[in-house]
Every structure is written in structure tokens, then in C-alpha cells.
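Reader: I have a two-chain model open. Can you walk me through how to read it, feature by feature?

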Amino acid sequence: MNSRVGVVAPQDVLDRAETLRYRLGDRFGDQIVESFYSEAERIARRVVQVRGDRHWDLDQRIDRVVTSPLFGLPLMLLLLSVVFWVTIVGANYPSEMLARALFWFEAQADALFNAWGVPGWITGFLWHGVYRGLAWVVSVMLPPMAIFFPLFTILEDLGYLPRVAFNLDWLFRKAGADGKQALTMAMGFGCNAAGVIACRIINSPRERLIAILTNTFVPCNGRFPTLIMLATVFVAAALPPVFASVAAAGTVVAVVLLGVGFTFLVSWALSRTVLRGEASAFTLELPPYRRPSLLRILYTSLIDRTIFVLLRAMMMAAPAGAVIWILANLSVGNSSLAQHIAHFLSPLGNAMGLDGVILLTFVIAIPANEIVVPTMLMIYMGVGMMSEPPSFGILRSLLIEQHGWTLLTAVNLMLFSLLHNPCATTILTIWKETRSGRWTAMGALMPLALGFLVTFLTATIVRVIE
Amino acid sequence: MTSCKSCPVHNQLTHMGINLEKYDRLVTLAGNPNTGKSSLFNALTGLKQHTGNWPGKTVTRAEGGFILKGVRYKLVDLPGTYSLLSTSQEEEIARDFILFARPDCTIVVVDATALERNLNLVFQVLEITDKAVVCVNLMDEARRKGLEVDVRSLSRHLGVPAVPTVARTREGVYDLISAVAGVVQEEIQTAPRHPPLPPQVADAVEELVSLVERLAPGLPNARWVAYRLLEGDHRVRQALLSGELTRQVTPRRAPSRQPSPKIALEGAQ
């Protein structure tokens with residue numbers, strides 16, 4: 001045997017390895033795996049002692065209900081509804097208080113600037129433009145977020161989200177996607193850009209793309225306030241007060257479910273057409289239920305989420321407020337620039353059951369969905385028209401009486417806010433994650449096209465019935 | 001004085017995206033997902049950490065450091081994986097890091113409540129490197145579930161130190177880094193026990209291991225190379241032919257400053 005003496009060359013090792021490999025046959029890999037598993041079992045049996053204990057059973061008993069085929073999904077819906085209901089009921093009053101305080105301040109500042117003799121356009125630009133944008137964002141968004149995020153974080157900390165993924169797994173697999181998409185979708189409820197980044201946990205490139213492209217179908221933090229406000233102002237107000245908050249929460253849940261439905265539908269369609277393939281298997285571990293730590297919940301939900309979203313909204317709202325003020329105050333001919341653009345967009349808006357102002361709003365709000373409602377209201381109200389502090393009641397009568405809103409407008413606005421192009425950050429993130437202009441364009445335009453289609457359909461159906 | 005940049009070790013390390021300039025020792029953290037690896041990483045590094053991506057990959061990477069008795073340890077967090085078979089990006093990154101960056105110690109974090117399932121990864125890590133410490137984390141949850149884990153016995157069975165911890169409350173973290181320091185300074189001699197194989201297979205593996213060791217004396221992962229060759233892994237064949245695997249067998253850092261008084265493995269008596 002040549003290799004037993006003298007110097008060993010790499011080729012000798014390889015040759016000998018090949019000989020041994022053929023002698024062992026192709027069971028070698030299996031034998032290694034088997035030996036690992038049986039040794040793991042042997043060691044674990046000697047090292048780990050089990051004492052009978054109730055806690056272990058409790059975890060499993062909870063899981064049996066929470067992830068059962070019968071109760072799993074209904075329980076999930078119930079939890080979601082309760083979270084929204086608490087958010088809507090709880091946010092109502094603080095929102096109005098905040099708005100009153102902030103707009104009182106605007107009026108005071110306006111009076112002060114007038115008294116100092118500051119030119120009207122500076123006062124208008126600064127206080128009725130930039131400041132008002134910020135004030136709207138803070139008063140409309142802060143209270144719901146400060147309630148919604150801690151509740152959501154509690155569910156997350158408890159370990160409930162992996163159970164959601166477990167419950168939804170079979171649906172995603174039916175749609176030809178990865179079960180882990182349930183988790184990236186859940187992340188999308190927080191922020192679609194974060195959801196897109198979270199798609200990295202999906203190994204198969206095909207399934208990852210599906211998850212990235214469909215992430216924007218679930219409403220993010222920036223869109224929840226819009227949904228909650230519309231549900232409160234229009235749907236709830238159309239019903240007797242007893243049912244109002246329940247109906248509002250139900251509406252938001254329905255919109256969320258519709259978004260989840262679109263996620264499945266589009267995933268299914270994609271995996272049958274441009275991203276053809278079968279779903280691959282994965283292991284999902286259900287971590288033990290952990291007692292949420294209060295400090296961490298407050299930190300993640302209030303600092304990481306609420307303040308983060310709010311700051312981002314304010315950073316976007318201030319320049320947007322300025323842009324809106326300019327659009328509303330620069331006149332060409334008899335009407336302002338904003339009116340011209342809105343007028344130009346109104347045929348399309350009307351066909352979709354919306355109006356030109358709403359479409360203009362969504363164009364201005366491309367950088368951040370957070371500012372849809374404030375932008376829209378600012379355009380509607382122009383400058384200086386709003387002398388009294390806003391409340392949900394005044395809002396409602398203003399939109400209905402002065403701008404011809406109907407229940408259809410509110411419903412379609414909710415639909416369009418669910419189905420339209422993702423915000424600029426998310427589009428940028430899709431590009432960063434896919435490095436492909438084609439998929440980025442698809443991720444941006446596909447939801448928009450669906451939004452046009454769906455709102456056009458509902459508007460047409462309602463008009464035909466009427 | 002020769003430049004640090006010209007040495008092959010340095011090249012290999014910068015390739016992995018590691019900057020060792022401000023650190024004396026390299027330690028890495030491996031483990032299954034959901035074992036509290038991130039909590040442990042935070043407990044060990046505190047606020048001294050960087051996050052980014054693995055070079056050319058879309059997998060997040062975190063690194064930080066800690067200092068114990070004047071020695072600066074760099075800690076690199078590997079992606080959480082169930083195995084090192086390189087069937088996914090994460091597994092490939094974790095495997096290549098232990099294989100090529102050759103950390104001075106690899107901490108394998110295991111879930112005390114699911115030891116059996118977690119041991120698979122431990123065995124795979126021990127195939128590649130002798131320098132490992134097993135961190136038996138989530139001890140509080142094990143206690144809550146009525147599980148008693150005999151960590152000393154586990155350590156005896158594995159042939160490397162095993163330390164019980166609760167990373168979230170930092171319980172046992174100091175013992176862990178002491179064990180890591182012991183392995184790094186070679187005060188603790190590790191002797192991993194490999195799962196027994198059927199006689200015929202074991203003979204073939206032993207023969208190949210000794211052959212690989214003669215080709216590259218001192219190669220720490222000869223056993224892993226032998227396994228892969230017997231499986232017919234093309235990448236490993238190539239790496240062996242090109243010398244990529246065997247290039248850095250010479251000890252790459254100065255021997256430990258304090259000659260070791262303790263030879264025996266902790267908990268082995």
C-alpha cells in the first residue's frame with residue numbers, strides 16, 4: 001500500500017476515499033444520520049429527567065385549542081376583533097382631546113403672528129400648512145397606535161404569532177406558497193417594508209418572491225389609522241350607538257380579512273403563472289408560551305413602533321403640508337392648483353366611486369401612507385376655512401354635505417387604501433431585496449391595478465343597483 | 001516584519017467579513033432557532049455590537065465583543081440552523097464560518113427543553129471543531145416544565161464543557177464565558193466523543209481520518225473532511241485538491257499566555 005509510507009498527496013486521499021465510498025455504498029449518509037439520532041436519544045435519556053408537572057401539560061393543552069383545526073381560525077378572528085374594538089373605543093376620546101388642543105394652539109399662533117404683523121403667507125405656510133399637517137398626524141394617529149401596538153406586542157410576546165403561522169400554513173401551501181409567509185404577512189401588519197425584509201426567512205427564491213410581492217396586501221400601521229377613522233366616522237355613525245363601536249371594529253376586521261384573502265388569491269395566481277412551482281416543506285417550531293415582560297412590551301410598542309411610525313409620519317407630513325398649502329394657494333386662473341389637478345383626476349376618481357381630491361391625496365402620500373387622511377382633509381378644507389376644532393361629527397357632516405361623500409366613497413376609500421401601490425420605502429425595499437426592476441415594478445403596479453379594478457367594480461355595482 | 005495582510009489566515013478572515021484587528025480571540029455562537037441565541041448574544045456583548053449582512057448574502061449577521069481578564073474576545077453570531085448540511089444559505093454560512101474562519105471557540109446554544117433534537121447540531125459542530133462549549137440555555141423553562149438536565153453528565157457524554165444558563169436573566173453567563181476562556185486558552189482540554197458508527201463504517205472513517213491527518217497534520221476538522229469525502233461531496237474534493245482546506249494548519253495565533261495548569265475536562269471526573 002503506497003499510501004501507508006512516504007508523503008501523502010491530496011490525490012491519494014481522494015482515490016482512497018473513492019474506493020472506500022464504493023465499498024460502503026450509498027447508505028453511508030443515512031448511517032451517519034442514524035448514528036447521530038440514536039446517540040442524541042441515548043444521551044438525552046441519560047441526561048434529562050422528567051418530573052410530572054402541570055405546566056408542561058398546560059402549554060400543550062392551550063396549544064391543542066389555539067391550533068386546533070376547529071377553533072384555531074375562529075379564535076384568531078375573535079382576538080383580532082377584540083384588539084381592534086379596544087383600539088377604536090379607546091382612541092376615540094383622546095383623539096378628539098388632542099385635536100382640540102393642537103388646533104387651539106394653531107389658532108393662538110395665528111392670532112399672535114397677526115398681532116406681530118407677520119405677512120399672511122408666512123403664517124399660512126407655517127401654521128396652516130406645515131403645523132396643521134403635523135397636528136393632524138399626531139391627533140389622528142397617536143391614540144390608536146398607543147393602544148394598538150401594546151396589544152399587538154403582547155400577542156407577539158406571548159408566542160401567539162407562530163401559532164397563527166401554524167394555523168395558516170395549510171392555506172399558504174394550497175396557494176403554492178411557503179407557510180412561513182404567514183409570519184412575513186404578520187410582520188406586514190406592522191410595516192410592509194419590514195415585512196418585505198422579513199421574507200428573507202423563506203429559503204426558496206420562488207416562494208420568497210411571492211411573499212415579497214403580496215406583502216403589501218395587508219394594511220400596515222400607516223394605513224390602520226385611515227381604516228379606523230373611516231370605520232368610526234362612516235360605518236359606525238350610520239348605525240345606532242349601541243352597535244357603533246362593534247360595527248366599526250367589524251369593518252376593520254373585514255378589510256383585514258379581505259387583504260388576507262387577496263394575499264392568498266394573488267399568491268395562488270402567481271404560483272400558477274409567472275412563479276410556477278410546488279410548495280416546499282418546512283419545520284415550524286411552536287415556542288413555549290412566555291410571560292410577556294411589561295417593560296419590554298412598553299419599550300417595543302411605544303418607542304420602537306409608535307414613536308418610530310409617528311416620527312416618520314411627521315417627517316413626511318411637514319413637507320407634504322407645505323406642498324399642499326402651496327397647491328391650495330397658488331392660483332392659476334380662478335381656482336387653485338390643487339383644484340385644477342383634482343378636477344383633472346375627478347373623472348377617473350368618480351368612476352372608482354372616489355373623487356379627484358382622493359386620488360391627488362394618494363399621489364401626494366406616496367412617500368408615506370400615514371398622511372393619507374390628513375392630506376385629504378387639508379385639501380378639502382383649503383386654508384383658514386376651519387375655524388372650529390374638528391371632531392368626528394363635524395368631519396362627517398363636512399365630508400357628506402360639502403364634498404358629496406356617501407357610504408360608497410368611504411367603503412371604496414378603505415378598499416383603495418388596502419389595494420394601491422406600496423409606499424416609497426416599501427418599493428425601495430422591494431428593489432433592494434430583489435435587485436430587479438421588473439419585480440419591483442410588478443410589486444408596485446399589481447396592487448394598484450387591483451385597486452382600480454376592485455373600486456371600479458364596487459362603484460359600478462352600487463350604481464347599477466341604485 | 002511581515003504584513004498581516006499577506007498571511008493566508010488574514011485573507012480567509014477578511015473574506016468572511018471579519019476584522020480581527022481590535023480583538024485577541026474569535027468566538028462564534030451557533031445554535032438552533034428559538035434557543036435564545038440572540039438573548040445570549042445580547043447578554044454577552046451588551047451594547048458593543050454591529051449588525052449587517054453576511055458578505056453577498058441576504059442573511060443578517062451580528063457581531064460584538066466582550067473582555068475577560070484583559071483578553072478581548074470577538075463574538076460572531078451565526079444564523080440559527082437545525083443542521084450544517086448546507087441545504088440553505090443560513091446553514092452554508094454557519095458551516096463555512098466554523099470551517100474556514102476557524103474560531104478559537106464555538107459556543108453551541110441548545111434548548112434545555114428539547115435537548116434531544118438540539119444535539120444533532122452539536123454533533124455536527126463537533127465533527128468540524130474540537131474547540132466548542134455547549135451552552136444549555138432556557139434552563140428556567142426546563143425547570144418550569146419539570147425537566148431536570150444533568151449538565152455535568154451531558155458534558156461527560158459530549159467531551160466538551162457544557163454550561164447551564166438562562167440568558168434572559170444572565171444566569172450562568174459568567175460560567176459560560178469562563179468555560180469559553182478555558183477552551184480558548186487551552187486550560188480545558190476538550191475531547192469530543194463522536195456518535196458510534198457501525199464497525200465497517202467506523203473502520204473506513206478512521207482510515208480516511210488518519211490519511212487526511214497525514215496529508216495535513218494538525219487539521220482540526222479531519223473527521224468532517226472524511227465524512228464529506230465518503231459522501232462524495234464535490235466541493236470538499238475541490239477544496240482538498242486546491243489546498244483551500246489544508247492551507248492554514250499551522251497554529252495561527254501565539255500559544256496561550258498562561259501555560260495550562262488544568263488538563264482535565266471540567267466535569268469529567
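**Cores, sheet and contact**

Author: Start with the nonpolar cores. This is a predicted model. The largest nonpolar core has 87 residues, and B:V108, B:V133, B:V134, B:C135, B:V136 and B:V180 touch the most other members.

Reader: Take B:V180. Which residues is B:V180 in contact with, leaving aside its neighbours within four places in sequence?

Author: Beyond those neighbours, B:V180 contacts B:V27, B:C105, B:I107 and B:V133. Another core lies apart from the largest one. That second core holds 72 residues, including A:I228, A:M352, A:V411 and A:M414.

Reader: Now the sheet. How do I read a strand order?

Author: Begin with the general idea. Strands of a sheet pair through backbone hydrogen bonds, either parallel or antiparallel. Here, chain B has an open sheet of seven strands with mixed pairing. The order is β2-β3-β4-β1-β5-β6-β8.

Reader: Which strands stand at the edges?

Author: β2 (49-53) and β8 (162-164) of chain B do. Each has a single partner strand, so one side of each is left without a neighbour in the sheet. From one strand to the next, the twist averages 25°.

Reader: Show me one pairing in detail. How many bridges join β5 and β6 of chain B?

Author: Six bridges join them. β5 covers residues 105-111 of chain B, β6 covers residues 132-137, and the two run parallel. For a single bridge, look at B:T106: its partner in β6(B) is B:A132.

Reader: Which helices pack on this sheet?

Author: Helix α3 (residues 89-101) of chain B is one of them. α3 touches β1 (25-31), β4 (71-77) and β5 of chain B. The direction of α3 makes about 155° with that of β1(B). Then look at α6(B), which lies across β6 and β8 of chain B. α6(B) runs at about 160° to β8(B).

Reader: How do I read burial along a helix?

Author: Think of the helical repeat. An α-helix has 3.6 residues a turn, so residues three or four places apart point the same way. Now take helix α2 (residues 37-45) of chain B. There B:K37, B:L40, B:F41, B:A43, B:L44 and B:T45 are buried. Just after α2(B), B:G46 takes a positive phi of about 60°.

Reader: And in chain A: is A:F103 buried or exposed?

Author: A:F103 is buried, because 20 other C-beta atoms lie within 10 Å. The residue sits in helix α4 (residues 72-116) of chain A. A:Y131 is 28 residues from A:F103 along the chain, and their C-alpha atoms are separated by 9.4 Å.

Reader: What about A:A459?

Author: A:A459 lies in helix α19 (residues 437-465) of chain A. A:A459 counts as buried, with 21 C-beta neighbours inside 10 Å. Leaving aside neighbours within four places in sequence, A:A459 contacts A:A351, A:M352, A:G353, A:L408 and A:N412. The C-alpha atoms of A:A459 and A:L354 are separated by 8.6 Å, though the two are 105 residues apart along the chain.

Reader: Last, the contact between the chains. How many residues does each chain give?

Author: Chain B gives 43 residues and chain A gives 38. On the side of chain B that touches chain A, α8(B) has the largest share, eight residues. By class, that side has 24 nonpolar, nine polar and ten charged residues.

Reader: Which strands pair across the two chains?

Author: Strand β1 (residues 48-50) of chain A pairs with β7(B). The sense is antiparallel, over three bridges. Within this pairing, A:V50 has B:L147 as its bridge partner.

Note on methods: Residues are numbered from 1 along each chain as its sequence is written. Chains are lettered from A and ligands numbered from 1 in the order in which they are written. This is a predicted model: local features need pLDDT of at least 70, side-chain atom pairs count only at pLDDT 80 or more; totals for chains, interfaces and linings use all residues. Two residues are in contact if their C-beta atoms, placed from the backbone, lie within 7 Å. Helices (H or I, at least four residues) and strands (E, at least two) are DSSP runs, numbered from the N terminus. Ala, Val, Leu, Ile, Met, Phe, Trp, Tyr, Cys and Pro count as nonpolar, Asp, Glu, Lys and Arg as charged, and the others, Gly among them, as polar. Two strands pair if DSSP finds at least two bridges between them. A residue is buried if 20 or more other C-beta atoms lie within 10 Å of its own, exposed if 12 or fewer, and partly exposed in between; C-beta atoms are placed from the backbone. A nonpolar core is a set of buried Ala, Val, Leu, Ile, Met, Phe, Trp, Tyr and Cys residues joined through C-beta atoms within 7 Å. Axes are lines fitted to C-alpha atoms, for helices over the stretch in contact, and angles run from 0 to 180 degrees between N-to-C directions.
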